[in-house]
Amino acid sequence: MRIAVVGTGYVGLVVGACFAETGNQVVCVDKDAAKVRGLRRGKIPIFEPGLEELVKRNAAEKRLTFTLDLKTAVRQSDVIFIAVGTPMGEDGSADLQHVLGAAREVARAMTAYRVIVDKSTVPVGTSELVREAIRRETTHPFSVVSNPEFLKQGAAVDDFLKPDRVVLGVTDQKAADLMVELYRPFTRTGAPIMVMDCPSAELCKYAANAMLATRISFMNEIANVCELFGADVDMVRQAVATDKRIGPAFLFPGVGYGGSCFPKDVQAIVKFSADKKYRFRVLEAVEAVNAAQKQRLLFKVDAMFGKGTKSLAGKAIAVWGLAFKPRTDDMREAPAIPIIEGLLARGAKVQVYDPEAREVARGIFGTSITYAPHAYHALTGADALLIVTEWNEFREPDFAKMKKAMKRPVILDGRNLYDPKQVRALGFTYQSIGRP
Ligand SMILES: NC(=O)c1ccc[n+]([C@@H]2O[C@H](COP(=O)([O-])OP(=O)(O)OC[C@H]3O[C@@H](n4cnc5c(N)ncnc54)[C@H](O)[C@@H]3O)[C@@H](O)[C@H]2O)c1
């Protein structure tokens, strides 16, 4: 099939490369000229495991191309995916300007029947808005499909190639058949392709993300209660996880969820439910708990160094991990941001290290913090280390080397990476989340 993907970000680039990998002819469109120029030279704008190799291979085979020219891309394609951003608006709603803008541009470029697929995460009812926007711009026939994407950053290629399920919201059989055909190569292991109405498809994505966010906030509160009673959240988590009705995934306490999806999607459900006069109380609480949890390490800092605006004046604090989760360079809504802001507000000198997100962080914090080239370097003269992202390379560090580099051997671990007894036996002052 001939496919155009509008929007070449974390989702669009993976979708384009994976469809090319199964033999389709794919053209990826973006309005960011620098991005397109870079991609044409084989420069991948984001860090995502396995993506570079996939893009390069399919580009070399001429199945994957990059362009700024949406018009030609639409003319050459049978199916057009819209995978542009839907950032959070000021009132918490999903901002649809890019999706509707792209839909209008696609419509104006159409010369015959096209299937337009919404891949972006959009509120219930958006497929109807997309349909209307297209109808106003063209007299050609078309189908709109809602096809929410469930990939996880850090494992995006794998998730797309081997999805748990594919969800298709459709209004006609022709588009449904074509989409099922397109996805067949990815579902040979038996993953279901679920065809449904568009509002249900749109809600699937929000329901999944909101459920995962709820588990995280729930466990963070359990961890906070553990701290009050001297209980160990690891024990509680493991016991709860063995219950088959609950299962082990997404039960790890930490410093709150971030990223481009959970925060905005939770708030978007709250908002579009409120628009229909329904108050989604559980998700209001999930979001409030998460905002508080992002401050949790700072409370521990205050408990250790004293409260006050300049409580960390003259102190150096190391931070390991900036990305909102491991295996990505993405810092959108990352807990590291409010944590570093809090440290700076208390007068600390902040020394950070992240294997992939350093350049992204530089765009946020500029020269207000220092960026270490490797993990131990960030510890030089530090009065404490805060662990914010659970990159694998932090799991088995050389504690003797750490101690030697630091001024004071203090670790505040926001991801529960180490065994408290073991680290304390090595002479560290060690605190984590929800463990005695
Ligand atoms: N990032 C994830 O893990 C993830 C997972 C599932 C779903 N989603 C959803 O997918 C959507 C895209 O997310 P993302 O993280 O890939 O966003 P992103 O910001 O990384 O990428 C969006 C891209 O679209 C481009 N763009 C915007 N308007 C355009 C237009 N009119 N024409 C051409 N290009 C245009 C931008 O330049 C940018 O490169 C969002 O709705 C998001 O919620 C994201």
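**View 1. Lysine 277 follows helix α11.** Lysine 277 sits just after α11 and has a positive phi of about 65 degrees. Helices here are DSSP runs (H or I, at least four residues), numbered from the N terminus. The model is predicted: local features need pLDDT of at least 70, side-chain atom pairs count only at pLDDT 80 or more, and totals for chains, interfaces and linings use all residues. Residues are numbered from 1 along each chain as its sequence is written.

**View 2. Helix α11 is largely enclosed by the rest of the structure, because ten of its 14 residues are buried.** Buried means that 20 or more other C-beta atoms, placed from the backbone, lie within 10 Å of the residue's own. Among the buried residues are Phe262, Pro263, Ile269 and Phe272. The buried residues of α11 pack against α9 (198–229) and α12 (281–293). Contact requires C-beta atoms, placed from the backbone, within 7 Å.

**View 3. Helices α11 and α12 pack at an angle of about 145 degrees.** Their axes are 9 Å apart. Axes are lines fitted to C-alpha atoms over the stretch in contact, and angles run from 0 to 180 degrees between N-to-C directions. Val266, Gln267, Ile269 and Val270 of α11 meet Leu283, Glu284, Val286 and Glu287 of α12.

**View 4. The ligand has 27 residues around it.** Gly7, Gly9, Val11, Ser120 and Thr121 come nearest. A residue is near if its C-beta atom, placed from the backbone, lies within 6 Å of the molecule. Helices α1 (10–21) and α5 (97–109) are the elements that give two or more residues to this shell. The most come from α5, with four residues.

Conventions:
A residue is buried if 20 or more other C-beta atoms lie within 10 Å of its own, exposed if 12 or fewer, and partly exposed in between; C-beta atoms are placed from the backbone. Two residues are in contact if their C-beta atoms, placed from the backbone, lie within 7 Å.
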